[in-house]
Amino acid sequence: MINQVMNDLEGFIFDLKAPKMKVNIKEHDDQYEFKALIGGVNKDNIKINYSNDQLSIEIIEVEEDFDLSYIKKEIKTNYQKRSFLIPNIDYEKSSATYNDGILTIVLPKIKNEENLIKIKDS
């Protein structure tokens with residue numbers, strides 16, 4: 001009986017065991033390239049944030065169908081978040097695209113010479 005109740009509630013309770021999004025990260029001389037597999041998600045439900053040297057990718061999809069007549073319901077609210085520490089990024093030149101379920105984020109690196117302070121001759 002308890003197992004049946006838990007199975008019935010499964011589709012209506014926020015799933016904390018949701019799988020993490022799969023991510024590939026490439027480092028190039030001048031940039032980082034992230035590819036995240038997040039198929040079936042509307043791009044309006046994807047939030048990308050970069051602050052304090054940290055890139056965060058967050059997906060929030062809220063189920064709006066509260067019909068209680070389902071026998072089994074496996075499509076439900078989706079929440080995923082991944083964060084990565086990536087210092088020295090030129091945020092203003094960053095870009096993102098979302099095609100065929102793949103989110104691609106390009107983060108250009110800040111060139112080292114931009115951070116140097118030159119010493120004047122006295």
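Tyr-91 is partly exposed, with a relative accessible area of 49%; the classes are buried under 20% relative accessible area, exposed over 50% and partly exposed in between (1.4 Å probe, protein chains only). The model is predicted, with local features needing pLDDT of at least 70 and side-chain atom pairs pLDDT 80 or more, while totals for chains, interfaces and linings use all residues. Residues are numbered from 1 along each chain as its sequence is written, and side-chain values use heavy atoms, without hydrogens and water.

**Exercise 1.** Classify the ring pair of Tyr-50 and Tyr-91 and place both residues in the chain.

*Solution.*
Step 1. Rings of Phe, Tyr and Trp (its six-membered ring) pair if their centres lie within 6.5 Å; planes under 30 degrees apart are stacked, over 60 edge-to-face, and the rest tilted.
Step 2. The ring centres of Tyr-50 and Tyr-91 are 6.4 Å apart and the planes stand at 15 degrees, so the pair is stacked.
Step 3. Tyr-50 belongs to strand 3 (residues 46–51), and Tyr-91 to the loop between strand 5 (78–85) and strand 6 (95–99), so the pair ties together parts 41 residues apart in sequence. Strands (E, at least two residues) are DSSP runs numbered from the N terminus.
Step 4. Tyr-50 has 13% relative accessibility and therefore counts as buried.

**Exercise 2.** Find which residue forms a salt bridge with Glu-27, and describe the two partners.

*Solution.*
Step 1. A salt bridge is a side-chain nitrogen of Lys or Arg within 4 Å of a carboxyl oxygen of Asp or Glu.
Step 2. The partner is Lys-109, with an N to O distance of 2.6 Å.
Step 3. Glu-27 is in strand 1 (residues 22–27) and Lys-109 in the segment after strand 7 (102–108); the pair links distant parts of the chain, 82 residues apart.
Step 4. Glu-27 is exposed at 55% relative accessibility, and Lys-109 is partly exposed at 23%.
Step 5. Lys-109 also has its charged end over the ring of Tyr-32, 4.9 Å from the ring centre. This contact requires NZ of Lys or CZ of Arg within 6 Å of the ring centre and within 35 degrees of the ring normal.

**Exercise 3.** State how many salt bridges the whole structure has, and describe those of Glu-33 and Asp-90.

*Solution.*
Step 1. The search finds 3 salt bridges.
Step 2. Glu-33 meets Lys-35 at 3.7 Å, N to O. Glu-33 is buried at 17%, whereas Lys-35 is partly exposed at 35%.
Step 3. Asp-90 pairs with Lys-93, the closest N and O atoms lying 3.7 Å apart. Asp-90 is buried at 19%, whereas Lys-93 is exposed at 59%.

Key: Helices (H or I, at least four residues) and strands (E, at least two) are DSSP runs, numbered from the N terminus.
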